[in-house]
Amino acid sequence: VDFGQPPSGRKVRPWNGGKNDPTQRSISGKVTPLDHQAILITSVWMTNKTQCCPAEVKGICYYSAQDVSLGQFLRDSCFNLSLKCQNLSCKKSVIDHSLSFIHNDGLINITVERMDNPIPTSALKQQHQQEDVDSSEPDEPIATWTYCTKCGIVVTPLIFLSKQTWQWSFGKFLEVYFYNRDALMN
């Protein structure tokens, strides 16, 4: 697993690209919070219940070069309909795939669906501004809601990602999802 280079200011550890050298432990010789700012996950792209690409084990050091923000992940990996499958013989769009993240006994399946009646852009911008969300993000705001997959009725109000949620480490989001069973995921 390649964790790449650690972010500036963080001690080099074997699991984030350093050498297995006992002198690289923390100054006190004890485990520090920085030793636990990473997660290993397995990701796999599926289409029609068939694995499209080999599963990949990825290491993410939070808020580092291997990480992206939650908003960037959603924009670049989920909403980018020009994104094509890594399997050269597939050529299908992200909308024809599901992306799964696996860690320990947890699983997140991400499926992108095209909306029959998209929310008008003007309504999105108006509600986004009313909620006092920082509109410095370069793209359209990201709205979230929950709907019943059986009847198709929206069961929660439209909520926009705040600036803090947009900037949240995607790796940290995965950790909270997999380990904090009390966290509410809307």
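Colleague: What covers the buried residues of helix α4?

Modeller: The cover includes strand β1 (38–47), strand β3 (56–61), helix α1 (70–78), strand β4 (98–103) and strand β5 (106–111). Helices (H or I, at least four residues) and strands (E, at least two) are DSSP runs, numbered from the N terminus. "Covers" rests on contact, meaning heavy atoms within 4.5 Å. Keep in mind that this is a predicted model: local features need pLDDT of at least 70, side-chain atom pairs count only at pLDDT 80 or more, and totals for chains, interfaces and linings use all residues. Residues are numbered from 1 along each chain as its sequence is written, and side-chain values use heavy atoms, with hydrogens and water left out.

Colleague: How many of the residues of α4 are buried?

Modeller: Buried means under 20% relative accessible area, exposed over 50%, and partly exposed in between (1.4 Å probe, protein chains only). In α4 (residues 170–179), seven of the 10 residues are buried, so the helix is largely enclosed by the rest of the structure. Those buried are Phe170, Gly171, Phe173, Leu174, Glu175, Val176 and Phe178.

Colleague: And what sits at the start of α4?

Modeller: There, a side-chain oxygen of Ser169 comes within 3.3 Å of the backbone nitrogen of Gly171. We call that a polar contact: N or O atoms within 3.5 Å, one able to donate a hydrogen and the other to accept it, with sequence neighbours counted only if both atoms are side-chain atoms. Helix α1 offers another case with Asp76, whose side chain is joined to that of Arg75 by a polar contact of 2.9 Å. Asp76 is partly exposed, at a relative accessible area of 36%.

Colleague: Which residues have the most contacts inside the largest nonpolar core?

Modeller: A nonpolar core is a set of buried Ala, Val, Leu, Ile, Met, Phe, Trp, Tyr and Cys residues joined through side-chain atoms within 4.5 Å. The largest one here has 22 residues, and Phe73, Phe101, Phe170 and Leu174 have the most contacts inside it. Two or more residues come from each of β1, α1, β4, β5 and α4.

Colleague: How many aromatic pairs are there?

Modeller: Rings of Phe, Tyr and Trp (its six-membered ring) pair if their centres lie within 6.5 Å; planes under 30 degrees apart are stacked, over 60 edge-to-face, the rest tilted. The whole structure has seven such pairs. Phe73 and Phe170 are stacked, at 4.0 Å centre to centre with 15° between the planes. That pair ties Phe73 in α1 to Phe170 in α4, 97 residues apart. Phe73 is buried at 7% relative accessibility, and Phe170 is buried at 5%. Phe101 and Phe170 have ring centres 5.5 Å apart and planes at 65°, so they are edge-to-face. Here strand β4 meets helix α4 across 69 residues.

Colleague: How many cavities of 30 Å³ or more are there?

Modeller: On a 1 Å grid over the protein atoms alone, a cavity is a set of points where a 1.4 Å probe fits but cannot get out; lining residues have an atom within 4 Å of a point. Points join across faces, edges and corners, and the volume is the space filled by probe spheres set on them. The count is two, and the largest is about 40 Å³. Its lining includes Trp45, Ser77, Cys78 and Ile110.

Definitions and conventions: On a 1 Å grid over the protein atoms alone, a cavity is a set of points where a 1.4 Å probe fits but cannot get out, and a pocket is an open set with protein on both sides within 12 Å along at least five of seven lines; lining residues have an atom within 4 Å of a point.
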